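Hi everyone, thanks for coming. I'd like to walk you through a structure that is probably new to most of you. Have a look at it first, and then we'll go through it together.

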Amino acid sequence: MRWLPLLMLLLSPLVSALTLDDVQQRFTEQPVVRAHFAQSRTIKDLPQPLLSQGNMLIARDRGLLWDQTAPFPMQLLLDDKRMVQAVNGQPPQTITADTNPQMFQFNHLLRALFQADRKVLEQNFRVEFADKGEGRWTLRLTPTTTPLDKIFATIDLAGKTYLETIQLNDKQGDRTDITLSQHQLTPAQLTDDERQRFAAQ
């Protein structure tokens with residue numbers, strides 16, 4: 001019996017190791033997530049990174065709303081059928097899978113990143129998941145399909161209860177860092193305004 005504590009100590013890391021399936025399950029239990037984002041884009045030919053910030057919403061059954069507030073207003077809606085972008089109060093531009101299949105593929109993938117959709121990720125990337133302890137995790141994605149493998153070298157995700165950081169490393173040597181904070185799970189349903197935005201044509 002005296003070996004029991006040692007045995008439990010040896011086995012417990014194996015029992016409690018966090019997996020990508022666990023993270024996907026966490027995200028599945030979050031039907032609507034709202035958060036603040038700060039984005040920094042480092043372009044090798046520019047002396048200073050390009051900074052932007054705003055608010056985002058990911059609704060499991062509807063799509064993604066990305067509302068940039070600075071340095072200029074830009075609204076982006078992404079669902080299963082279209083991407084709608086409005087910049088600085090200009091008339092919105094709509095992209096569908098028919099009009100721009102490559103752009104739409106990437107934006108469809110963006111939703112998969114926010115939702116840790118294992119099936120979609122494994123169809124497009126070599127997936128390296130790491131349990132960092134205390135519920136924290138990292139996920140490195142290396143593209144295996146075209147055109148993603150022509151655009152990105154790697155995509156790195158990290159978080160705990162929520163997705164907290166995204167780093168996009170492109171083939172040109174440029175990098176985009178997105179930090180998500182102030183996550184909110186309530187209200188768990190879309191507001192009237194949010195529903196209207198998803199319903200707008």
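I'll talk about a pocket, then the nonpolar cores, and then some aromatic rings. Please keep in mind that this is a predicted model.

Let's start with the pocket. Rolling a probe the size of a water molecule over the atoms shows where empty space is left. Here, the largest pocket has a volume of about 660 Å³. Its lining is made up of 22 residues. If you want to find its centre on the screen, look for M103, F106, N107, L110 and L168, which lie nearest to it.

Which element gives the most to that lining? That would be α3, with six residues. Helix α3 covers residues 101-115, and it is one of several elements that each supply at least two lining residues. The others are β1 (32-42), β4 (74-78), β5 (82-87), β10 (163-170) and β11 (175-184). As for character, the lining of the largest pocket divides into 14 nonpolar residues, six polar ones and two charged ones.

Now for the cores. The largest nonpolar core has 37 residues, and M56, F114, I155 and L157 have the most contacts inside it. Again α3 gives the most, this time five residues. Apart from this core there is another one of eight residues, including L57, A59, L77 and F198.

Let me pick out L157 for a moment. Leaving aside residues up to four places away in sequence, L157 touches L113, W137, T138, L139, L141, L163, T165 and I166.

On to the rings. How many aromatic pairs are there? The count comes to four. Take F37 and W66: their ring centres are 3.9 Å apart and their planes are at 15°, so this pair is stacked. F37 sits in strand β1 and W66 in strand β3, residues 63-70, so to speak a link between distant parts of the chain, 29 residues apart. Are these two buried or exposed? Both F37 and W66 are buried.

W66 has a second partner, F114. Here the ring centres are 6.2 Å apart and the planes are at 55°, so the pair counts as tilted. Because W66 lies in strand β3 and F114 in helix α3, the pair ties together parts that are 48 residues apart in sequence. F114 is buried, like W66.

One more for the ring lovers: F27, F129 and W137 form one aromatic cluster. You may remember W137 from a moment ago, as one of the residues that L157 touches.

Note on methods
Residues numbered from 1 in each chain as written. Predicted model: local features only at pLDDT ≥ 70, side-chain atom pairs only at ≥ 80, totals over all residues. Heavy atoms only, no water. 1 Å grid on protein atoms, 1.4 Å probe; cavity = no way out; pocket = protein on both sides within 12 Å on 5 of 7 lines; lining within 4 Å. Points joined across faces, edges and corners; volume = space filled by probe spheres on them. Helix = DSSP H or I, 4+ residues; strand = E, 2+ residues; numbered from the N terminus. Nonpolar A, V, L, I, M, F, W, Y, C, P; charged D, E, K, R; others polar. Core = buried A, V, L, I, M, F, W, Y, C linked by side-chain atoms within 4.5 Å. Buried < 20%, exposed > 50% of the residue type's maximum accessible area, 1.4 Å probe, protein only. Contact = heavy atoms within 4.5 Å. Phe/Tyr/Trp six-rings, centres within 6.5 Å; stacked < 30°, edge-to-face > 60°.
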